Amino acid sequence: NGHHTADCGSLPADRNIKLNYSSTLEGSVLTLTCENEMSLNSTTEITLSVTCDSNGSWIPNPADFIQSCSPFSTTVSPTTGTN
């Protein structure tokens with residue numbers, strides 16, 4: 001049928017995200033693990049599994065997960081955070 005296997009490519013690197021995947025080709029599953037300060041103090045490990053779709057994008061889109069994991073993507077006031 002001449003179907004071209006899509007390649008979703010690697011996700012943007014984030015030092016708070018640990019990626020676990022064997023391939024970025026169509027049908028592959030990629031697991032993102034959030035390892036920021038909040039998740040390290042939490043008992044539940046925060047992970048998201050995304051699948052490479054035939055249109056060449058990860059489903060669901062991991063952008064929001066990556067942004068919510070990074071504590072530096074939002075403005076933090078000096079009064080928040082535990083020392």
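Trainee: I'd like to start with a single residue: is Cys 52 buried or exposed in this predicted model?

Mentor: Cys 52 is buried, because its relative accessible area is 3% and the cut-off for buried is under 20%. Keep in mind that we are reading a predicted model.

Trainee: Which residue is the disulfide partner of Cys 52?

Mentor: Let's take the general idea before the case. A disulfide is a covalent bond between the sulfur atoms of two cysteines. Here Cys 52 is bonded to Cys 8, with 2.1 Å between their sulfur atoms. Cys 8 sits in the segment before S1 while Cys 52 belongs to strand S3, so the bond ties together parts that are 44 residues apart in sequence. Cys 8 is buried too, with a relative accessible area of 14%.

Trainee: Why is the disulfide of Cys 8 and Cys 52 called right-handed?

Mentor: The handedness is read from the torsion about the S-S bond, which is about 95 degrees for Cys 8 and Cys 52, so their disulfide is right-handed.

Trainee: How many disulfides does a search of the whole structure find?

Mentor: The search finds two. The other bond is between Cys 34 and Cys 69, with their sulfur atoms 2.1 Å apart. Cys 34 is in strand S2 and Cys 69 in helix H2 (residues 63-69), so to speak distant parts of the chain, 35 residues apart. The torsion about this S-S bond is about 100 degrees, so the Cys 34 and Cys 69 disulfide is right-handed. Both Cys 34 and Cys 69 are buried.

Trainee: What is the pairing when the bonded cysteines are numbered in sequence order?

Mentor: The pairing reads 1-3, 2-4 in the protein chain.

Trainee: Now the fold. How many helices and strands does the protein chain have?

Mentor: The count is two helices and four strands. Followed along the sequence, the pattern is β-β-α-β-β-α.

Trainee: What is the order of the four strands in the sheet?

Mentor: Sequence order and sheet order are two separate readings, and the second comes from the pairing. In this model the open sheet has the order S1-S2-S3-S4, with antiparallel pairing. S1 and S4 are the edge strands, each pairing on one side only.

Trainee: How many bridges join S2 to S3?

Mentor: Let's walk across the sheet. S1 (residues 17-20) pairs with S2 (residues 29-34) in the antiparallel sense over four bridges, and one partnership there is Lys 18 with Thr 33 in S2. Next, S2 and S3 (residues 46-52) run antiparallel and are joined by six bridges; Leu 30 faces Val 50 in S3. Finally, S3 and S4 are antiparallel with two bridges, and Thr 51 has Ile 59 in S4 as its bridge partner.

Trainee: Two loop residues caught my eye. Is Asn 36 buried or exposed?

Mentor: Accessibility is best read together with location and contacts. Asn 36 is in the loop between S2 and H1, and it is buried, with a relative accessible area of 1%. A polar atom of the Asn 36 side chain lies 2.3 Å from the backbone oxygen of Cys 69.

Trainee: And is Asn 55 buried or exposed?

Mentor: Asn 55 lies in the loop between S3 and S4. Its relative accessibility is 56%, so Asn 55 counts as exposed, the cut-off being over 50%. The Asn 55 side chain makes a polar contact of 2.7 Å with the side chain of Ser 57. The C-alpha atoms of Asn 55 and Cys 8 are 8.3 Å apart, although the two residues are separated by 47 residues along the chain.

Trainee: What do the totals for the protein chain look like?

Mentor: Of the 83 residues, 25% are buried. The accessible surface comes to about 5,800 Å², with carbon and sulfur atoms accounting for 51% of that. For contacts between residues at least 6 apart in sequence, 41% join residues at least 24 apart.

Trainee: Last one: where in the protein chain is confidence lowest, and where is it highest?

Mentor: Confidence should be read by region as well as overall. The protein chain has a mean pLDDT of 82, with 80% of its residues at 70 or more. The lowest mean is 71, in helix H1 (residues 37-40), and the highest is 96, in strand S4 (residues 58-59).

How values were computed. Residues are numbered from 1 along each chain as its sequence is written. Side-chain values use heavy atoms; hydrogens and water are left out. pLDDT is the predictor's confidence in each residue, from 0 to 100. Two strands pair if DSSP finds at least two bridges between them. Buried means under 20% relative accessible area, exposed over 50%, partly exposed in between (1.4 Å probe, protein chains only). Contact means heavy atoms within 4.5 Å. Accessible areas come from the Shrake-Rupley method with a 1.4 Å probe; for residues, only the protein chains shown count as cover. A polar contact is a pair of N or O atoms within 3.5 Å; within protein, one must be able to donate a hydrogen and the other to accept it, and residues adjacent in sequence count only if both atoms are side-chain atoms. A disulfide is a pair of cysteine sulfur atoms within 2.5 Å.
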